[in-house]
Amino acid sequence: MSEELGKSSYDCDICKESFLEESKFNQHKQIHKGEAPYHCDICGKSFSVRSSLTKHKRIHTGEKPYHCDICGKSFSRAHSLAIHKRIHTGDKPYHCDICGESCSDGSSLTKHKRIHTGEKPYHCNICGKSFTVSSHLTQHTRIHTGEKPYHCDICGKSFSVSSSLTKHKRIHTGEEPYRCDICGESFSQKHHSIKHKCIRCEVDP
């Protein structure tokens, strides 16, 4: 523990991160120890801190308590809302020192840089396939496990990725967000719109 500006701080001797509260520091140490005492009673996944379990459970419940006051979009995490708001402000404070590309958050910049490095740090322990981002590994693993955590609240059909559920729901709502800018015909799926342009409106893909 160190003293700085009259406040006690708890410093991790492994990653050097500092904490003002001892309880937060103790939770953080569990990450390095590999301890995961908090278990999801729905899917069994384990977490090192209780707050991570709370956030995870929103995948199953669909709860999104954080709302954008500009467009009304909702999010399961406060951090996701903060990043989303940069769409409205145009703020992209993270810059690639290789190509100059700008990103709205640090994690997006890290993922972007793997285009240049070819790094794929996330590996499937079942088949060995590697991925540039952890979310792609999570989605891939569901091929092996058969897990489908995203459920349609209208017909009950389940999906392994949230984007598939979003596309599926358009069957029920009739939403067709992809519009041909040549003839005006609308489609529920992006690939249908692209195929239409190639065949009907004779535009190269």
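A pocket, on a 1 Å grid over the protein atoms alone, is an open set of points with protein on both sides within 12 Å along at least five of seven lines, and its lining residues have an atom within 4 Å of a point. Grid points get joined across faces, edges and corners, and a volume is the space filled by probe spheres set on the points.

This is a predicted model, where local features need pLDDT of at least 70 and side-chain atom pairs count only at pLDDT 80 or more, while totals for chains, interfaces and linings use all residues. Numbering runs from 1 along each chain as its sequence is written, and side-chain values use heavy atoms, with hydrogens and water left out.

**Figure 1. The largest pocket and what lines it.** The largest pocket comes out at a volume of about 2000 Å³. Its lining takes in 46 residues, with Ile59, Ser76, Arg77, Tyr150 and Ser162 lying nearest the centre. Elements that chip in two or more residues are helix H2 (50-61), strand E7 (74-75), helix H3 (78-89), helix H4 (106-117), H5, E12 and H6. Helices (H or I, at least four residues) and strands (E, at least two) are DSSP runs, numbered from the N terminus. H5 supplies the largest share of the lining, eight residues.

**Figure 2. The domains along the chain.** The domain assignment gives domain 1 (38-78), domain 2 (122-173) and domain 3 (178-204). Such bounds come from an automatic or database domain assignment. Taken over C-alpha atoms, the centres of domain 1 and domain 2 sit 17 Å apart.

**Figure 3. Helix H5 and its packing.** H5 covers residues 134-145, and its twelve residues should span 16 Å at 1.5 Å a residue; the end C-alpha atoms are 16 Å apart, which agrees. That expected span is 1.5 Å times one less than the number of residues. Which residues of H5 are buried? They are Leu137, His140 and Arg142. Buried here means under 20% relative accessible area, exposed means over 50%, and partly exposed is in between (1.4 Å probe, protein chains only). The buried residues of H5 pack against strand E10 (122-123), strand E11 (130-131) and E12. Just after H5, glycine 146 takes a positive phi of about 80 degrees.

**Figure 4. Helix H6 and its cover.** For the twelve residues of H6, the rule of 1.5 Å a residue predicts 16 Å, and the end C-alpha atoms are 17 Å apart, which agrees. Leu165, His168 and Arg170 are the names to look for among the buried residues of H6. Their cover includes E12, E13 and strand E14 (178-179). Glycine 174 follows H6, with a positive phi near 80 degrees.

**Figure 5. Histidine 56 in helix H2.** Is histidine 56 buried or exposed? Histidine 56 counts as buried because its relative accessibility is 6%. Leaving aside neighbours within four places in sequence, histidine 56 is in contact with Cys40, Cys43, Lys45 and Phe47. Contact means heavy atoms within 4.5 Å. Serine 188 is 132 residues away from histidine 56 in sequence and 29 Å away in space, C-alpha to C-alpha.

**Figure 6. Histidine 84 in helix H3.** At 8% relative accessibility, histidine 84 counts as buried. If you skip residues up to four places away in sequence, histidine 84 touches Cys68, Cys71, Lys73 and Phe75.

**Figure 7. Lysine 169 and aspartate 153 in a salt bridge.** A salt bridge is a side-chain nitrogen of Lys or Arg within 4 Å of a carboxyl oxygen of Asp or Glu. The side chains of lysine 169 and aspartate 153 meet at 3.4 Å, N to O. The pair links distant parts of the chain, 16 residues apart: lysine 169 belongs to helix H6 (residues 162-173), while aspartate 153 is in the loop between strand E12 (150-151) and strand E13 (158-159). Lysine 169 is partly exposed, at 27% relative accessibility, and aspartate 153 is exposed, at 62% relative accessible area.

**Figure 8. Two further salt bridges, each joining a glutamate and an arginine.** How many salt bridges does a search of the whole structure find? The search finds nine. One of them joins glutamate 119 to arginine 114 at 3.6 Å, N to O. Glutamate 119 is partly exposed, at 40% relative accessibility, whereas arginine 114 is buried at 11%. Glutamate 175 and arginine 170 also meet in a salt bridge, at 3.8 Å, N to O. Here glutamate 175 counts as partly exposed, at 42% relative accessibility, and arginine 170 as buried, at 13%.

Terms used. On a 1 Å grid over the protein atoms alone, a cavity is a set of points where a 1.4 Å probe fits but cannot get out, and a pocket is an open set with protein on both sides within 12 Å along at least five of seven lines; lining residues have an atom within 4 Å of a point.
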